[in-house]
Each structure stands twice: as C-alpha cells, then as structure tokens.
Amino acid sequence: MQSWDLNNVRAEPSQPQILASANDARMIVLDLPAGEELQEHEVHERARLLVVHGDVDVAIPSGESTSASSGHLFEFDPGERRTVTARSDARLLLILSPWPGDGHPGAMTLEQKGEARERAARHT
C-alpha cells in the first residue's frame, strides 16, 4: 500500500510533482501560486482534477467557467481543453488515466514517433 497526505507532499510552485505512475493512471500534485494559470491545454488521457486547497477558476473554450475551492473535483474527457487560474495559492491533484493515453508520445512506438516528427517537420 502507498499513501500520501496531500496537504504535506513537498512540491515547488508551478513544478508538477509525480506521486505515482503505472499503466492504469498517473497522479500529479501541482502547487499553483495566486494569480498564476495553467494556460489552455489538453491531455490525451481522461483527466480528473481535485482542488486539495485554495481557490481556482476553471474555464473551457466555450466560455463556461466554474469557481472552485477545497474538495471540488473536475473530470475532463481526453482532448478536452481547459484553463485553470489560481485565485489564491492552490494545491491541485491531477489524475490521468489510462497512462499514457492513446496518442500520447509515451504510448507510441519508435516508428510512430518518427512518423509524427516527419509530419510535424512538413508543417514548419
């Protein structure tokens, strides 16, 4: 068994701290200082975002926004974009599953990675 006291895990502001990573999921703690944001982004996996402490605003491109504080849990589909802004110093727990998700570079073979690099080079 492994366990974590999410209020006392050591993490540096804006530096994700991976707690655990396995084939079924990855868990990451992130401290986001007041006023900072995770700019609009997406991941290949289903993402669950728990506000451990602090206050954040979470917005999606359609303009929908939710203010949240300690204990609030969000779930995002793979590829769903969002922006997270800290209204106060905040600690977040991000759970990605499965890990790595379809299309994630970590799930690609070396051949697939080479093909992706070639496609990207043609677009530059």
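What follows is a short working chat about strands, contacts and ring packing in a predicted model.

Q: Let's start with the aromatics: how many aromatic pairs are there in this predicted model?
A: The count comes to one aromatic pair, formed by Phe74 and Phe76, whose ring centres are 6.1 Å apart.

Q: And why is that pair called stacked?
A: The planes of the Phe74 and Phe76 rings stand at 15° to one another, and planes under 30 degrees apart count as stacked, so the pair falls into that class.

Q: Are those two residues buried or exposed?
A: Phe74 counts as buried, with a relative accessibility of 10%, and Phe76 also counts as buried, with a relative accessibility of 4%. The cut-off behind both statements is that buried means under 20% relative accessible area.

Q: Which residue lies over the face of Phe76?
A: That is Arg82, which is placed over the ring face at 4.5 Å from the ring centre of Phe76.

Q: Which strand is Thr83 in, then?
A: Thr83 belongs to strand β8, which covers residues 82-86. With a relative accessible area of 15%, Thr83 is buried.

Q: What is Thr83 in contact with, leaving aside its neighbours within four places in sequence?
A: Once those neighbours are left aside, the contacts of Thr83 are Glu37, Leu38, Gln39 and Glu40, together with Asp57, Val58 and Ala59.

Q: Where does β8 come in the order of its open sheet?
A: The open sheet has four strands in the order β3-β8-β5-β6, so read by position β8 stands between β3 and β5, and the pairing is antiparallel.

Q: Which are the edge strands?
A: They are β3 (37-41) and β6 (65-69), each of which pairs on one side only. From one strand to the next, the twist averages 15°.

Q: How many bridges are there between β5 and β8?
A: Strand β5, residues 55-59, pairs with β8 over four bridges in the antiparallel sense, and within that pairing Val58 stands opposite Val84 of β8.

Q: Changing topic to β9: why is it described as largely enclosed?
A: Strand β9 spans residues 90-97, and six of its eight residues are buried, so the strand is largely enclosed by the rest of the structure.

Q: Which strands pair with β9 over seven bridges?
A: Strand β2 (residues 26-32) pairs with β9 in the antiparallel sense over seven bridges, and strand β4 (residues 46-53) likewise makes an antiparallel pairing with β9 over seven bridges.

Q: What stands opposite Arg26, and what is the bridge partner of Arg46?
A: Both partners are in β9: Arg26 stands opposite Leu96, while the bridge partner of Arg46 is Ser97.

Q: What joins β1 to β2?
A: A hairpin makes that connection through four residues, and the two strands pair in the antiparallel sense over four bridges.

Q: Where is Gln17, and what stands opposite it in β2?
A: Gln17 is in strand β1, residues 17-21, and the residue opposite Gln17 in β2 is Val29. Gln17 is partly exposed, with a relative accessible area of 33%.

Q: What does Gln17 touch, not counting residues up to four places away in sequence?
A: On that basis Gln17 touches Val9, Arg10 and Ala11, as well as Met27, Ile28 and Val29. As for Met27, its C-alpha atom and that of Gln17 are separated by 8.6 Å, with the two residues ten apart along the chain.

Methods:
Residues numbered from 1 in each chain as written. Predicted model: local features only at pLDDT ≥ 70, side-chain atom pairs only at ≥ 80, totals over all residues. Heavy atoms only, no water. Phe/Tyr/Trp six-rings, centres within 6.5 Å; stacked < 30°, edge-to-face > 60°. Buried < 20%, exposed > 50% of the residue type's maximum accessible area, 1.4 Å probe, protein only. Lys NZ or Arg CZ within 6 Å of the ring centre and 35° of its normal. Pairing = 2+ DSSP bridges. Contact = heavy atoms within 4.5 Å. Axes fitted to C-alpha atoms, helices over the stretch in contact; angles between N-to-C directions.
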